[in-house]
Amino acid sequence: MAEVVIVENAERAGALVAEEIARLISARPDAVLGLATGSTPLPVYAALRTRLQGVDVSQVRGFALDEYVGIDPAHPESYRSVITREVVEPLGLNPQLINVPDGSEEGIAHAGADYDAKIAAAGGVDLQILGIGTDGHIGFNEPGSSFASRTRVKTLTVQTREDNARFFDSVDEVPRHCITQGLGTILEARHLVLLAFGEGKARAVADAVEGPLAAVLPGSAIQLHPHATVVVDEAAASKLRLADYYRYTFANKPAWQGI
Ligand code: PGA
């Protein structure tokens with residue numbers, strides 16, 4: 001099962017995950033990071049700004065989880081722009097080493113297979129940061145996604161488009177399609193770190209960690225992974241049946257183990 005770490009707030013979660021990423025980069029300067037967009041990972045990126053000062057990040061490689069289809073990459077809400085603004089620039093990463101799926105309509109027939117091949121050529125993702133949607137999606141693998149799915153085009157649910165409308169002028173501007181790493185692709189990363197904050201994520205977190213394995217609960221795919229860490233605040237943990245056990249386990253964890 002996933003290791004669940006319940007922390008007091010998002011800032012503490014960011015510091016914990018940033019520490020793990022810093023350890024990884026120190027051990028492997030050309031580490032491959034799986035990068036997520038959305039609000040959830042922002043405390044991790046904020047903590048990394050401080051934690052990575054003085055650390056050589058010039059060889060760090062990165063793969064974004066997903067991109068909207070048909071959006072101009074220069075649009076401020078394309079995931080290419082978001083990753084550049086939130087991660088690449090503030091952390092001083094080499095933009096040449098950071099990959100985002102090609103959401104252009106011209107390339108769409110082969111963009112998914114090309115992206116999976118690029119991840120494989122990089123030797124796979126070392127640490128994949130994940131958020132989770134209120135409907136349980138990870139990446140943009142909406143309910144119904146195959147656990148074996150590869151990077152491909154998906155249709156966003158009405159719920160996801162409404163959730164993401166806050167980044168656009170109106171819900172009508174939110175693209176209807178995306179290209180996302182598949183659940184099968186995500187499961188190949190060596191370490192999954194899923195973060196969630198707030199009451200609105202409590203159901204999705206409980207389903208992902210403790211629910212049945214089901215395509216209708218895409219987050220439950222993490223139960224198949226040998227090294228998955230779920231970092232949540234108290235509100236997002238509020239529907240977990242075994243919350244006390246997770247607290248006890250983490251409190252008694254040897255310091256050398258990391259997350
Ligand atoms: P959020 O999105 O981090 O903006 O809540 C999570 C997701 O959709 O995966």
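**Exercise 1. Describe the shell around the ligand by class, then name its residues.**

Step 1. The shell around the ligand has 1 nonpolar, 6 polar and 2 charged residues. Ala, Val, Leu, Ile, Met, Phe, Trp, Tyr, Cys and Pro count as nonpolar; Asp, Glu, Lys and Arg count as charged; the others, Gly among them, count as polar.

Step 2. Know the model. It is predicted: local features need pLDDT of at least 70, side-chain atom pairs count only at pLDDT 80 or more, and totals for chains, interfaces and linings use all residues. Residues are numbered from 1 along each chain as its sequence is written, and side-chain values use heavy atoms, with hydrogens and water left out.

Step 3. Name the shell. Around the ligand are Gly38, Ser39, Thr40, Gly131, Ile132, Gly133, His137, Arg166 and Lys201 (a residue is near if one of its heavy atoms lies within 4 Å).

**Exercise 2. Find polar partners for oxygen atoms of the ligand, then state how much of the ligand the protein covers.**

Step 1. Take side chains. A polar side-chain atom of His137 is 2.6 Å from a ligand oxygen. For Arg166, a side-chain N or O atom lies 2.9 Å from an oxygen atom of the ligand.

Step 2. Take the backbone. A polar backbone atom of Ser39 lies 2.9 Å from a ligand oxygen.

Step 3. Turn to cover. On its own, the ligand has 280 Å² of accessible area, and the protein covers 83% of that (Shrake-Rupley method, 1.4 Å probe).

**Exercise 3. Locate the ligand among the pockets and describe the lining there.**

Step 1. The ligand takes up the space of the largest pocket. A pocket is an open set of points on a 1 Å grid over the protein atoms alone, with protein on both sides within 12 Å along at least five of seven lines; lining residues have an atom within 4 Å of a point. A molecule sits in a pocket if more than half of its atoms lie within 2 Å of its grid points.

Step 2. This largest pocket holds about 390 Å³ of space.

Step 3. Its lining has 23 residues; Thr37, Gly38, Ile132, His137 and Asn164 lie nearest the centre. By class, the lining splits into 8 nonpolar, 11 polar and 4 charged residues. Helix H5 (residues 158-164) gives the most, with 3 residues.

**Exercise 4. Describe the second largest pocket.**

Step 1. The volume of the second largest pocket is about 160 Å³.

Step 2. Its lining includes Arg12, Glu19, Phe250 and Lys253. Helix H1 (residues 10-27) gives the most to this lining, with 5 residues.

Step 3. By class, the second largest pocket is lined by 5 nonpolar, 1 polar and 5 charged residues.

**Exercise 5. Which helix gives the most to the lining of the largest cavity?**

Step 1. The largest cavity (points where a 1.4 Å probe fits but cannot get out) has a volume of about 30 Å³.

Step 2. Among its lining residues are Ala36, Tyr45, Val82 and Glu86. Helix H2 (42-51) and helix H3 (79-91) each give two or more residues.

Step 3. H3 gives the most, with 4 residues.

Notes:
A polar contact is a pair of N or O atoms within 3.5 Å; within protein, one must be able to donate a hydrogen and the other to accept it, and residues adjacent in sequence count only if both atoms are side-chain atoms. Grid points are joined across faces, edges and corners, and a volume is the space filled by probe spheres set on the points.
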